[in-house]
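Trainee: I would like to go through this model and ask how each label is earned. Can we start with strand pairing?

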Amino acid sequence: MLKISLDKLDKLFEAISASQTLYIPVDREDGAAEYKKYENGMKLSSALNTLRSAKDFFFPQTENLVDFKMEGQNIEVIDVREESEDFVIFGVRACDARSFTILDKVFLAEPVDSYYKNRRDHGTVVTMACTRPTETCFCGTFGIDAAAPEGDAACYSDGESLFIEAHNEKGQKFIDSISSLLEDGDTAKLEAVRAKTREILKKLPLANLTTDNFGGDKLNEYFNSDKWGELSESCLGCGTCTFVCPTCQCYDIKDFNTGHGIKRFRCWDSCMYSDFTKMAHGNPRLTQLERFRQRFMHKLVYFPANNNGEFGCVGCGRCLAKCPISMNIVKVMKALEVK
Amino acid sequence: MQEAMINKAKQLLADGTVDRVIGWKRGEFAYDITPAVFETAEELEKEFVFDDFTAANVSKYLVKESKKEGKILAFLKPCDTYSFNQLTKEHRVVRENVYIVGIPGGPKLDAEKIKAKGITGILGVKNENYTLKIDTVYGEETMPFYEAILDKCATCKSKKHVVYDELIGDEGEVLDSNRFDMVEKLENMTAQERYDFWRGELSKCIRCNACRNVCPACTCEKCVFDNPNSGVENKAPADSFEENMFHIIRAFHVAGRCTDCGECSRVCPQHIPLHLLNRKFIKDINSLYGEYQAGEDTTSRAPLNDYKQDDCETTVVHERGVE
Amino acid sequence: MQVNDNKDFQPLIVAFCCNWCSYAGADLSGTNRLNYPTNVKIIRVPCSCRVNPMFILRAFQRGADGVILCGCHPGDCHYTSGNYFTRRRMTLLFSMLDFLGIERDRTRVEWVSAAEGAKFAATMNEFTEAVRKLGPNRRLEDLRCRKQ
């Protein structure tokens, strides 16, 4: 496999950013990691994952769809779409990489979302294998191997060198563009590191969580479960879980009146909000119980029902870490599960 | 303490004083504790928890719970009693339906602070003489207890319970806290520095509304930011202006009612120091209109519902501090 | 220090005027043929107390460079005490805007009675000049509302 010494990472980033925009996870002052546009001198974060997920690159929180300009009786419709520039996201973890597959199923299915596709076509996802998974990780539940992430190209570190391999044409093109910095390397040590990571993954507290008893055919058992009341009673109805989630894809489209025109934009929506999917007749989910149920039913039942059994969760653990009252998909699965 | 609380709850359930108990429920890990309502002794035995991570203020749940049939037992920490009192004052809770047992307060721990030290794979956390022994997937780690406490506990204002039906443990005192230090530090910066500071912080906002929804003072049935007819409803900060507007209005709407319980900053997934906005209002109210602690009593007039004929003019803002 | 008076800049000033005193004061300044800048757009409100902090912020959002709130003199409120509440509320709001680093001179409260046409005109001239010196509102503007 091709490799580069870890102390030459700066050179690698400089080389990538010379030809296209590069985003890497960097540490913020408060210790959390976030993706930043690479500038010389930035250090790659050693954190396991970024606070916000990587879905922002393809599905940003807000995005302008179309502008209307009004002059007298005339309304001019302005298409604000522009061809996205090429960009590379470096250091995406296995869970987030899988989330793109899930988002693709939503946005690239007919009718194709051209805003999303534009960015997807121009973005190269370079993943990074995990070596220090944490207690909130449960990607294994969804068949994800944190030591062998997907993505256009994948990187693995053995503590001394960074190994890179391509998974598809886009990834190969990426590697070709930096090949002058790479050399052939021996992967014996790397294999030992990966084996060790897999050992750790098995020892994690959530390693035994399975989706065996969930799926598209479990609608009635779970929808009418009497556990929902107890599970949702302390839910604050905030949107933290949905906004840090790499796979939550619900959005709302709104018009903003600028005083001299209209900007039609879309923004993330959260099923936890009281005005989620509000229609002319009002709101279909009147209580927090129903809204809470929607989120988990969507991930564990509705999504697999519509997508050949694929679940709408990747086990990144962000909601486990961030929920203000620590109610999360793992607790829901454990409480709900009927064996 | 946990034992004493469970026994007290069981006793009050058994003798019919209360029908339900609100407290905290154990989670998957050491720190992921969820507020919960218990109805039976068995549930209490199995899941009730009170430890260094039970920081959540349960007062706000009582808005809903106290309107249900029967009486509910609430275990309130000193800071929680201020919130409860304020809610009583605003007629948002039915006082008669709540049996309050005052319990000692923090300092409580912040799992995020432990994680920020690079300690990952946390399986268990033990406090041994104010050193945390943290059992992780990668072996045992230690860190000083006081480096992992919540910000809201580090600037605790009072250990006194302002309302209770009975107490477990000793009654504390109102503390001489340093809670306005950071506000003062910001006040002494230049306008440009303050602007840069707040832009840096507020631009992190993802508008999850956790700060608003957790706030015991935010109890509007329909928030102006959720109301499509208000003209300011928005689900995402589409522009920096909207970030500013949301946080100014959020803090303003609880000005004079905020007890400084610190929940807003505790729950912020982006670690924005939102309590500083609330404290700025508290500090201003104290210095301009006289010392006032929201939640201390249930009868006094709130500073923004009150006035004096010789109040200062708005120009006071122009006359002090750094431009 | 660089001196920049922004001489060519035409700020947009929003003036909230209470129906009973300040709006009548503005009227009087008009009937007296006193000049005040056309930059000032007056919004009539039943009482200065009607102005909620959101109004001030929304004015800035939609392109105001300065917002001034005028009401009856303390003690003269048509509703007895409305302006006393306004005073506390706006003091806290302006202090918060200052805390967030927004220029102090963009906001003001002035008490103008129905008899003070001259004061109204003078206040508006003075305030417009102060905001002109500050230049366009950038710290509390909504970029989407900026006219290209």
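Mentor: Yes. Strand β1 (residues 20-25) of chain B and β2(B) pair in the antiparallel sense, over five bridges. Keep in mind that this is a predicted model.

Trainee: What makes β1(B) and β2(B) a pair?

Mentor: Two strands pair if DSSP finds at least two bridges between them. β1(B) and β2(B) have five bridges, so the criterion of at least two is met. One bridge joins Val21(B) to its partner in β2(B), Phe38(B).

Trainee: Which sheet do they belong to, and in what order do its strands run?

Mentor: An open sheet of five strands in chain B, ordered β2-β1-β3-β4-β8. Its pairing is mixed.

Trainee: Why are β2 and β8 of chain B said to stand at the edges?

Mentor: Each has a single partner strand, so one side of each is left without a neighbour in the sheet. β8(B) covers residues 166-167.

Trainee: What lies across this sheet's strands β1, β3 and β4 of chain B?

Mentor: Helix α1 (residues 2-14) of chain B. α1(B) runs at about 160° to β3(B). Angles run from 0 to 180 degrees between N-to-C directions, so a value of about 160° puts the two directions closer to opposed than to aligned.

Trainee: How do you know which elements of chain B touch chain A?

Mentor: By contacts: C-beta atoms, placed from the backbone, within 7 Å. On that basis 32 residues of chain B are in contact with 40 residues of chain A. β2 (34-38), β5 (122-128) and α9 (210-214) of chain B each give two or more residues to that side. The largest share, four residues, comes from β2(B).

Trainee: What is the make-up of that side of chain B?

Mentor: It divides into 20 nonpolar, eight polar and four charged residues.

Trainee: Which sheet of chain A has antiparallel pairing, and what makes β5 and β11 its edge strands?

Mentor: Four strands form an open sheet there, in the order β5-β4-β12-β11. β5 (74-79) and β11 (251-257) of chain A each pair on one side only. The twist averages 20° from one strand to the next.

Trainee: How do you know that β11(A) pairs with β12(A)?

Mentor: Count the bridges again. β11(A) and β12 (residues 261-268) of chain A share seven, and at least two are needed. Ile253(A), for one, has Arg266(A) as its bridge partner in β12(A).

Key:
Residues numbered from 1 in each chain as written. Chains lettered and ligands numbered in written order. Predicted model: local features only at pLDDT ≥ 70, side-chain atom pairs only at ≥ 80, totals over all residues. Nonpolar A, V, L, I, M, F, W, Y, C, P; charged D, E, K, R; others polar.
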